[in-house]
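These are my notes from a session with the model open. I went residue by residue and wrote down what I looked up.

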Amino acid sequence: MTEKENRRVTDLGTLKALAHPLRMKLYRLLFVAGAATASQLAGQVDEAVSLVSYHLRKLAEHGLVEEAEPRSGDARERWWQPATAGVTVRDEDFRDAPEKAAAHLAASRLFQDQRFEMHRAYLDERARWGSAWNDAASDSESLLRLTAAELAELKKELLDVVKRHDDRARAREATGETEGRENVALHVYGFPFRV
């Protein structure tokens, strides 16, 4: 089996499909789980199974998720998995029309809001994670003086480092090193600002 690649979202329909709050949560949960049923996901998002099934089908229509091999003996269960290794949504693909730019802005804000909520949940539950996880967790801000080209170079280097660590951790997990392993969200933003 070939390794899945990241998918670059360039069309408005797929962007709108992904930029629905529940669909983005379902996509993220599937990405973390690897595969799940609508029933399993419904329990995690506190929604009806029929509603979750509907939204999974909408994601599938746009090639964001796909049916997965069954993980249980129950032939009635329909399993889902991400169709790619992840998605990339870039501003440059949605600049050529006001409707596309507005949709990209709305999607970007949704993604940011959900990332903020993930971090807020960690902060609220910080005491339950213990000192090892709290010492390892990161929350920092760096104010740099860069050109656009230097920021692009920094972004590439950071993404390469993240991929290297992810590949290494997944390989270790595949060999059975699961002790102490948790899902980790790493949100990195780099953007210009003026004071």
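I looked up H104 first and found it in helix 5, which covers residues 98-136. The model is a predicted one.

Is H104 buried or exposed? I noted a relative accessibility of 10% for H104. The cut-off for buried is under 20%, so I entered H104 as buried.

I then listed the contacts of H104, leaving out residues up to four places away in sequence. The list reads L15, V89, R90, D91 and F94.

Next I went to D46, in the loop that runs between helix 3 (38-45) and helix 4 (49-61). Which sign does phi have at D46? I recorded a positive phi of about 55°, although D46 is not a glycine. For context, I added that most residues other than glycine have a negative phi. D46 has 71% relative accessibility, and exposed begins over 50%, so I marked D46 as exposed.

I looked up T147 in the loop between helix 5 and helix 6. With a relative accessible area of 43%, T147 went down as partly exposed. I also took the C-alpha to C-alpha distance from T147 to S39 and got 48 Å. In sequence, T147 and S39 are 108 residues apart.

My last entry is a nonpolar patch on the surface. Which residues form the patch? I wrote down L143, Y189, F191, F193 and V195, with about 650 Å² of accessible area together. One of them, Y189, lies in the segment after helix 6 (148-174). I have Y189 as partly exposed, at 41% relative accessibility.

Notes:
Residues are numbered from 1 along each chain as its sequence is written. This is a predicted model: local features need pLDDT of at least 70, side-chain atom pairs count only at pLDDT 80 or more; totals for chains, interfaces and linings use all residues. Side-chain values use heavy atoms; hydrogens and water are left out. Helices (H or I, at least four residues) and strands (E, at least two) are DSSP runs, numbered from the N terminus. Buried means under 20% relative accessible area, exposed over 50%, partly exposed in between (1.4 Å probe, protein chains only). Contact means heavy atoms within 4.5 Å. Patches are made of residues with over 30% relative accessible area and no salt bridge: like charges are joined within 9 Å, nonpolar side chains (Val, Leu, Ile, Met, Phe, Trp, Tyr) within 5 Å. Accessible areas come from the Shrake-Rupley method with a 1.4 Å probe; for residues, only the protein chains shown count as cover. A salt bridge is a side-chain nitrogen of Lys or Arg within 4 Å of a carboxyl oxygen of Asp or Glu.
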